[in-house]
Amino acid sequence: MRTLEEVQATLQIAKVKEEDLQPITYCLSFGESVSSGDYCLLELDDTLCKHIEGGKSLIIRGDKDEHAVLCTEEKTYDLKIADTSNLLLFVPGCKTPDQLPDSSTSQLMHAQIWGFSNSYWELRKQRPRLKKLKKLLMENPYDGPVVGIQEEAPGEKYTIDDLLERIQASREEIETQLQNVHACEIDGFWRILDFDYEMKLLGHVTQLVDSESWSFNKVPLTVCLEELGSLEPKAMIEHCLNCYGRCYTSEDGQVMFALDEDKVCRATAQLLLQNAVKFNLSEFQEVWQQSVLEGMSTRLDQLRGLALLDRSSKPETISLLRVEDLPEDTLERFNRLFSLREKWTQDDIEPYIQDLCGEKQTTGALLTKHARSSVQNGIKVYNSRRPVAI
């Protein structure tokens, strides 16, 4: 091992003034069988450092054919290897200048190198990859209880642990998405309701509200379960109310639900549009308004990300286009949109790219990067920057 005198002699040869350095000098040596493959280095920001120091876990998720992501309980991060021209040394017990004791005299300390690397894992917060969640649940949608000798439809079923193994997202993000797609836990497995069955449940609720002349903001849970329990499982009726309404307690202590006007109108529109290629817009609006509960008002802004209007056709038309059916990858998403329509206004395309935006990204920035703008009949429109693959 080097002595302090040898270190001072080396500084003189290198023409480095000792007073310009820290008084404590580390002398590093390699341990036995040191290899660059022994350790992987991960760069963490303050939030993730506190997460680890608090005893919480970081989990790497992804199937063999997927790019790995790292997840906390709440967020998802992209994992990318960053190369560096400097050799990174792993030296346990080595102290930084602010951790060293105050000293006015020169000292020599020894530390052993346990590993080294020319790269490290860099983390970037990213959107959770949730499209696969609905795809898995749609392998076996729930369409009601099995009756008599009828057998349950074949298909894989998933517990929350199964989904955590397969989906590249944090637990909180997965649980939020399960609520968004109206999934429910049945016998320990998370199931998505078949859309026709879900509309059947909603139809029972709205028909009861109509027949009893209730306000759609004052739907009593107990009466709903008593009246509709003979038609469908009570748990499904309550699940439907939770999906399309807000639970509260009335002044007399009753559990009540206020149906969400926008959600009910949106679901009704999807039911009307799902079996038509295109619908005359004015006729659709008339039928749509007639199909919802009295007191509810249908508006086209309720259909953002669900239906596409064609104002250029005569007569104007509307067709089903769900954002959830579009590719999750940004380039693939834009390619699909521009294959459906050559030119888009910002108002039309915005609902279909909003979910692609990063934490501080805007739809305007996305359009600037992936589309070319022009003015057509005094209106700004966007078309693809690259050839579109049909």
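**Entry 1: the three-stranded sheet**

I looked up an open sheet in this predicted model and found 3 strands in the order E15-E17-E16, with antiparallel pairing. I noted strand E15 (344–345) and strand E16 (371–376) as the edge strands, since each pairs on one side only. I then followed E16 along strand E17 (residues 379–384) and recorded 6 bridges in the antiparallel sense. Within this pairing, I found Ser 384 in E17 to be the bridge partner of Ala 371.

**Entry 2: helices across the sheet**

I next asked which helices lie across these strands. Helix H11 (residues 330–340) lies across E15, E16 and E17, and I recorded an angle of about 115° to E17. Helix H13 (residues 363–370) lies across E16 and E17, running at about 95° to E16.

**Entry 3: a hairpin**

I turned to strand E10 (residues 245–249) and strand E11 (residues 255–259), which are paired in the antiparallel sense over 5 bridges. Thr 249 stands opposite Val 255 of E11. The two strands E10 and E11 form a hairpin, with 5 residues between them. In the turn I noted Gly 253, whose phi is positive at about 90°.

**Entry 4: the largest nonpolar core**

I looked up the largest nonpolar core and found 43 residues in it. Those that touch the most other members include Leu 241, Tyr 244 and Leu 259. Several elements supply at least two residues each, among them E11 and helix H8 (234–244). The largest share, 8 residues, comes from H6.

I finally examined Leu 241 for contacts beyond its neighbours within four places in sequence. I listed Val 205, Val 219, Leu 221, Cys 224, Phe 257 and Leu 259.

How values were computed: Residues are numbered from 1 along each chain as its sequence is written. This is a predicted model: local features need pLDDT of at least 70, side-chain atom pairs count only at pLDDT 80 or more; totals for chains, interfaces and linings use all residues. Side-chain values use heavy atoms; hydrogens and water are left out. Two strands pair if DSSP finds at least two bridges between them. Helices (H or I, at least four residues) and strands (E, at least two) are DSSP runs, numbered from the N terminus. Contact means heavy atoms within 4.5 Å. Axes are lines fitted to C-alpha atoms, for helices over the stretch in contact, and angles run from 0 to 180 degrees between N-to-C directions. A nonpolar core is a set of buried Ala, Val, Leu, Ile, Met, Phe, Trp, Tyr and Cys residues joined through side-chain atoms within 4.5 Å. Buried means under 20% relative accessible area, exposed over 50%, partly exposed in between (1.4 Å probe, protein chains only).
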